[in-house]
Amino acid sequence: MGTNFDDPRFTAYGLFAEAYTGLTNRFAAQFEQHRLSSVEFEVLLRLARSPQHRLRMTDLAGQTALSTSGVTRVVDRMDREGLVRREACPSDRRSSYAVITEAGLARLDEVLPGHLELMQRWFIGQLSPAQLDDFTESLRTIRDAVNPCATAGTTHPPEGGSHAA
């Protein structure tokens with residue numbers, strides 16, 4: 001057997017996967033306290049951070065771990081709960097937008113203080129500012145290579161805001 005199981009590539013990816021799993025497990029319990037799944041939280045946050053608080057459904061799918069049919073099911077459920085709504089795309093009848101509602105923004109306002117506290121404690125606070133900058137840039141480089149459509153719909157940041165992550 002010629003495989004080097006000590007290859008640093010295995011270590012790098014393994015550490016990334018373990019860190020991601022650990023963080024998502026810590027976050028999931030807090031989301032459940034606010035009657036949201038991790039996916040629903042991600043949808044609300046991405047919409048809140050997008051220009052005009054909306055994204056085309058295909059762009060939302062590209063920015064999440066959902067397929068286009070998966071994002072349709074999630075948005076339909078969230079629409080029934082009043083957290084998002086759909087809007088027709090005036091320039092393309094085949095497309096529609098997902099738009100966060102006032103109720104969706106209010107739910108985010110309930111969730112975010114605890115979420116930011118957990119992020120600070122278990123993620124951001126573990127890194128120096130320089131390490132965080134380097135890590136963020138490294139993740140952006142990898143994301144752009146493996147998921148270039150993740151930035152679709154975020155070409156114009158809102159006033160005083162930044163592109164959605």
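## Tour from R77 outward

Select R77 to begin: its relative accessible area of 32% makes this residue partly exposed. The model is a predicted one.

**Stop 1: R77 and E40**

Add E40 to the selection and show both side chains. R77 and E40 form a salt bridge, with 3.0 Å between the closest N and O atoms. The pair ties together parts that are 37 residues apart in sequence, because R77 lies in helix α4 and E40 in helix α2. Is E40 buried or exposed? E40 is buried, since its relative accessible area is 5%, and the cut-off for buried is under 20%. On the other side of the bridge, R77 counts as partly exposed at 32%.

**Stop 2: the sheet**

Switch to cartoon and select the strands. In which order do the strands of the open sheet stand? The order is β1-β3-β2, for 3 strands with antiparallel pairing. The edge strands are β1, residues 54–56, and β2, residues 84–88, and each of them pairs on one side only. On average, and with direction ignored, neighbouring strands of this sheet are turned by 30 degrees against each other.

As general background, strands of a sheet pair through backbone hydrogen bonds, in either a parallel or an antiparallel way.

Now select residues 96–100, which make up strand β3. How many bridges join β2 to β3? There are 5 bridges between β2 and β3, and the two strands run antiparallel. To pick out one facing position, select V84 and I100: V84 stands opposite I100 in β3.

**Stop 3: helices on the sheet**

Keep the sheet in view and add residues 38–48, which are helix α2. This helix packs on the sheet and touches β1, β2 and β3. The direction of α2 makes about 95 degrees with that of β3.

Next add residues 68–80, helix α4. Which strands does α4 lie across? Helix α4 lies across β2 and β3, and runs at about 115 degrees to β2. The R77–E40 bridge from the opening stop joins these two helices, as R77 is in α4 and E40 is in α2.

**Stop 4: salt bridges on the strands**

Select E87 and R54. Their side chains meet in a salt bridge at 3.4 Å, N to O. The pair links distant parts of the chain, with E87 in strand β2 and R54 in strand β1, 33 residues apart. E87 is partly exposed at 25% relative accessible area, and R54 is also partly exposed, at 22% relative accessibility. Add R85 to complete the group: R54, R85 and E87 are linked in a network of salt bridges.

The structure holds 9 salt bridges. Another one to display is D7 with R9, whose side chains meet at 2.6 Å, N to O. Which partner of this bridge is buried, D7 or R9? D7 counts as buried, at 13% relative accessibility, whereas R9 is exposed, with a relative accessible area of 66%.

**Stop 5: the loops around the strands**

Select Q52 and H53. Q52 is in the loop between α2 and β1, and H53 is found in the loop between α2 and β1 too. What is to be noted about phi of Q52? Phi of Q52 is near 60 degrees, a positive value in a residue other than glycine. Phi of H53 is near 55 degrees and likewise positive, again in a residue other than glycine. In general, most residues other than glycine have a negative phi. Q52 is exposed, with a relative accessible area of 61%, while H53 is partly exposed at 33%.

Move to S95, which lies in the loop between β2 and β3. S95 counts as buried, at 16% relative accessibility. Show its neighbours: leaving out residues up to four places away in sequence, S95 touches R56, A88 and C89.

**Stop 6: the nonpolar patch**

Turn on the surface and select Y13, F16, Y20, F135 and L139. These residues form a nonpolar patch on the surface, with about 510 Å² of accessible area together. The elements that give two or more residues to the patch are α1, residues 8–33, and α6, residues 129–146. Which element gives the largest share? The largest share comes from α1, with 3 residues.

Finish on Y13, which has its place in helix α1. Y13 is exposed, because its relative accessible area is 55% and exposed means over 50%.

Key: Residues are numbered from 1 along each chain as its sequence is written. This is a predicted model: local features need pLDDT of at least 70, side-chain atom pairs count only at pLDDT 80 or more; totals for chains, interfaces and linings use all residues. Side-chain values use heavy atoms; hydrogens and water are left out. Patches are made of residues with over 30% relative accessible area and no salt bridge: like charges are joined within 9 Å, nonpolar side chains (Val, Leu, Ile, Met, Phe, Trp, Tyr) within 5 Å. Accessible areas come from the Shrake-Rupley method with a 1.4 Å probe; for residues, only the protein chains shown count as cover. A salt bridge is a side-chain nitrogen of Lys or Arg within 4 Å of a carboxyl oxygen of Asp or Glu. Helices (H or I, at least four residues) and strands (E, at least two) are DSSP runs, numbered from the N terminus. Buried means under 20% relative accessible area, exposed over 50%, partly exposed in between (1.4 Å probe, protein chains only). Two strands pair if DSSP finds at least two bridges between them. Axes are lines fitted to C-alpha atoms, for helices over the stretch in contact, and angles run from 0 to 180 degrees between N-to-C directions. Contact means heavy atoms within 4.5 Å.
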